[in-house]
Amino acid sequence: MSDPVLSVENLSTHFFTRAGVVKAVDGVSFDLAKGEIMGLVGESGSGKTVTGFSLLGLVDAPGRIVEGSIKLNGTELTTLSQEGLRSRRGREISMIFQDPIATLNPMLTIGQQMKLAIDAHERVSRRAGEARAIELLTQVGIPSASARLRAYPHEFSGGMRQRVAIAIALLHRPAVIVADEPTTALDVSIQAQILFQMRDLAAETGTAMIWISHDLAVVSSLASKLAVMYAGRIVEQGPTATLLRDPRHPYTAGLIASLPATATPGTPLTQIRGTTPSLLSLPPGCPFAPRCDRATDRCNETPQITFHERRGWRCFHPVGQNSGVSA
Amino acid sequence: MSAFLTIDNVSRLFGPNLTTGEKIAAKLGGKVETRSVRAVSDVTLRVRKGETLGLVGESGCGKSTLGRVIAGILPPTTGTVSIDGAPVMVNGTKVTTRVQTVFQDPFASLDPRMKVGPAVAEGPIAHGLTTKSQARSYVAEWLERVGLDPIWVDRYPHQFSGGQRQRIAIARALAMQPDVLICDEPVASLDVSIQAQIINLFLELTRDLALTTVFISHDLSVVQHVSDRVAIMYLGRIVELGPTAQVFGRPAHPYTAALFGSVPKLVLDAEELVRFETIEGEVPSPLSPPSGCYYHPRCPLASGACRTTQPVTQSMSDLRTVACHHFEAQLAAGVSD
């Protein structure tokens with residue numbers, strides 16, 4: 001395999017609040033190859049969005065990256081100046097957010113916003129900029145793109161707005177796109193269209209993607225590998241199909257088993273007991289232990305992630321083989 | 001089929017609230033929006049006692065509006081809703097406590113300045129289901145029933161997690177001792193691991209209390225799990241209705257088939273990239289719906305008749321209906337995945 005375009009080592013982002021230190025991201029490591037799509041899965045508060053923000057250097061005070069390394073095309077990002085980061089954001093790495101209405105400027109036409117995004121990194125003529133904008137809008141499936149350049153965001157439907165946001169993220173053909181729940185707010189029929197296009201775009205352009213989602217089914221149809229986060233840590237990572245078919249971490253296994261799609265209609269669902277812990281008062285040791293049926297005294301220590309061929313898990317008592325959903 | 005909850009020819013329109021000036025301007029040919037949105041269009045449903053009916057559709061299809069009309073929160077523009085023969089609303093006013101609602105967002109549906117105890121007791125005291133002196137034990141009973149510790153009656157909503165708040169919202173609805181429960185996306189805002197807990201609670205309660213339920217959701221797997229029958233809505237109309245296993249197993253309406261086809265499924269075959277069945281285009285604006293069958297611009301089976309004539313709702317069996325000119329062809333085609 002060629003060198004990864006993005007390499008994250010032991011990344012930790014903490015928030016220093018009055019109530020205490022919140023370890024939102026705690027020792028996260030993964031690699032991403034050219035054109036690869038990785039699903040980053042977790043529930044609210046698991047640290048998946050903060051991980052995405054950390055990659056782009058978008059973490060604001062009282063949060064900061066306290067440890068670890070992020071290498072994008074060989075360049076270390078954590079030690080870069082704000083200016084250095086700014087010159088890479090949007091050009092080498094860009095982000096798509098959940099809510100396109102919040103990311104698009106309501107006062108500017110789509111064409112004006114796309115031109116601004118181009119001008120941030122390149123000097124191109126108005127005509128060339130417009131041509132590139134039209135090309136990308138067409139690529140993400142916006143009909144009659146040249147006419148739509150003069151439209152304002154409110155004239156687009158939710159799905160079309162998200163396509164515009166995706167087109168803007170693609171303007172500079174970045175090496176990596178971080179997509180934070182970009183289809184969560186959309187209807188299923190529109191979600192399917194966009195997922196399908198994103199997968200093709202990643203393959204065509206060689207852009208690698210981190211797809212952040214709480215929905216296992218969405219990432220399973222899109223990503224070739226998965227990382228499951230719980231309480232700021234990756235508890236399990238590996239190739240999508242193997243991980244879902246044969247989960248090792250009890251949390252991953254519990255998540256899969258709790259999906260209505262894997263149960264017989266009308267029967268009680270397998271549930272994970274309790275609630276996600278507050279990051280301010282994490283139990284010592286494995287943060288999942290209080291909710292885990294397999295927990296023992298040993299789980300009062302913190303398990304390290306152990307790797308076995310292409311997959312890894314952070315658990316002293318991993319679930320045995322073939323305990324996931326049957327294929 | 002004996003109906004307990006009866007929804008007869010219910011339509012609900014939303015029109016613009018025009019000022020006098022705008023009305024005059026409209027008369028004189030000014031550019032004023034005078035069109036109405038028909039959010040729910042001529043819906044007739046029969047729900048049996050103890051049955052859970054799933055109501056499915058994309059945003060803007062009218063499922064929440066229909067839920068609110070059934071719950072007596074919104075008066076229907078035309079048509080009636082009745083429970084066991086008694087109307088839910090008379091002259092635009094709700095006249096029964098037999099139907100209660102659980103909403104999507106437990107952060108918005110609970111008063112942040114009201115303790116849990118009074119929040120749950122408010123309705124039952126007002127309607128004489130309990131007295132002020134007995135309210136505390138009455139509430140404690142219901143909290144226990146939804147899996148919450150009764151000692152929490154003196155806590156405020158912000159002291160609870162999302163899942164716990166949804167339990168409080170459920171207790172608040174059930175403390176009114178309803179016969180009919182409307183659940184409007186009750187698990188949509190919850191985390192996956194919490195979703196399963198609330199779905200299990202819901203299954204247990206509807207069974208034990210013999211509740212008749214309308215379960216509104218955009219999440220097909222949740223609806224498939226909890227519903228006895230399912231109704232699919234598109235642009236204000238019910239396009240298909242039937243027993244859950246039959247509808248999911250063999251959809252009769254092309255929209256149902258396409259909707260099911262576009263839901264991402266857990267994919268376990270790494271080598272094979274799944275091809276989504278995507279529905280082309282988007283839902284048309286309800287302000288100017290297409291002619292004939294509302295689904296025809298997106299439908300692969302559409303013919304001339306679909307462009308001109310609105311399909312009537314036909315019975316396929318005692319429990320199953322469909323509104324499509326070509327449902328036989330769709331049944332023959334099977335599920336699109």
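**Figure 1. Helix α1 of chain A, seen in its surroundings.** In this predicted model, helix α1 spans residues 48–55 of chain A, and 8 of its 8 residues are buried, so the helix is largely enclosed by the rest of the structure. If you would like to find them one by one, the buried residues are A:Lys48, A:Thr49, A:Val50, A:Thr51, A:Gly52, A:Phe53, A:Ser54 and A:Leu55. Follow the chain a little further: just after α1(A), A:Gly57 takes a positive phi of about 65°.

**Figure 2. Strand β3 of chain A and its two parallel partners.** Here is another buried element: 5 of the 5 residues of β3(A), residues 37–41, are buried, so this strand is largely enclosed by the rest of the structure. In a regular strand, side chains alternate between the two faces of the sheet. Both faces of β3(A) are covered, with buried A:Ile37, A:Gly39 and A:Val41 on one side and buried A:Met38 and A:Leu40 on the other. Strand β8(A), residues 208–213, runs parallel to β3(A) and is joined to it by 5 bridges; look for A:Ile37, whose bridge partner in β8(A) is A:Met209. Strand β9(A), residues 225–230, also runs parallel to β3(A), with 4 bridges joining the two. In that pairing, A:Gly39 has A:Leu226 as its bridge partner.

**Figure 3. The two domains of chain A and the contact between them.** The domain assignment divides chain A into domain 1, residues 6–223, and domain 2, residues 233–313. Their C-alpha centres lie 28 Å apart. Domain 1 of chain A brings 16 residues to the contact and domain 2 of chain A brings 12. On the domain 1 side, the elements giving two or more residues are β2(A), residues 20–32, and α9(A), residues 216–220. The most comes from β2(A), with 8 residues. Sorted by class, the residues on this side of domain 1 of chain A are 8 nonpolar, 5 polar and 3 charged.

**Figure 4. The open sheet of chain B, with a helix lying across it.** Strands of a sheet pair through backbone hydrogen bonds, either parallel or antiparallel. In chain B, 4 strands form an open sheet in the order β2-β1-β4-β5, with antiparallel pairing. The edges are held by β2(B), residues 37–47, and β5(B), residues 86–87; each has a single partner strand, so one side of each is left without a neighbour in the sheet. Strand β1(B), residues 5–14, pairs with β2(B) over 7 bridges in the antiparallel sense. A handy landmark in this pairing is B:Arg12, whose bridge partner in β2(B) is B:Val40. Helix α2(B), residues 63–70, lies across β1, β2 and β4 (78–83) of chain B and runs at about 60° to β2(B).

**Figure 5. Where chain A meets chain B.** In this view, 42 residues of chain A are in contact with 34 residues of chain B. On the chain A side, two or more residues each come from α8 (188–205), α9, α10 (240–245) and α11 (250–257). Helix α8(A) supplies the largest share of that side, 7 residues. The chain A side has 22 nonpolar, 17 polar and 3 charged residues. You have met α9(A) already: this helix also gives residues to the side of domain 1 of chain A that touches domain 2 of chain A.

Definitions and conventions
Residues numbered from 1 in each chain as written. Chains lettered and ligands numbered in written order. Predicted model: local features only at pLDDT ≥ 70, side-chain atom pairs only at ≥ 80, totals over all residues. Domains from an automatic or database assignment. Contact = placed C-beta atoms within 7 Å. Nonpolar A, V, L, I, M, F, W, Y, C, P; charged D, E, K, R; others polar. Buried ≥ 20, exposed ≤ 12 C-beta atoms within 10 Å, placed from the backbone. Pairing = 2+ DSSP bridges. Axes fitted to C-alpha atoms, helices over the stretch in contact; angles between N-to-C directions.
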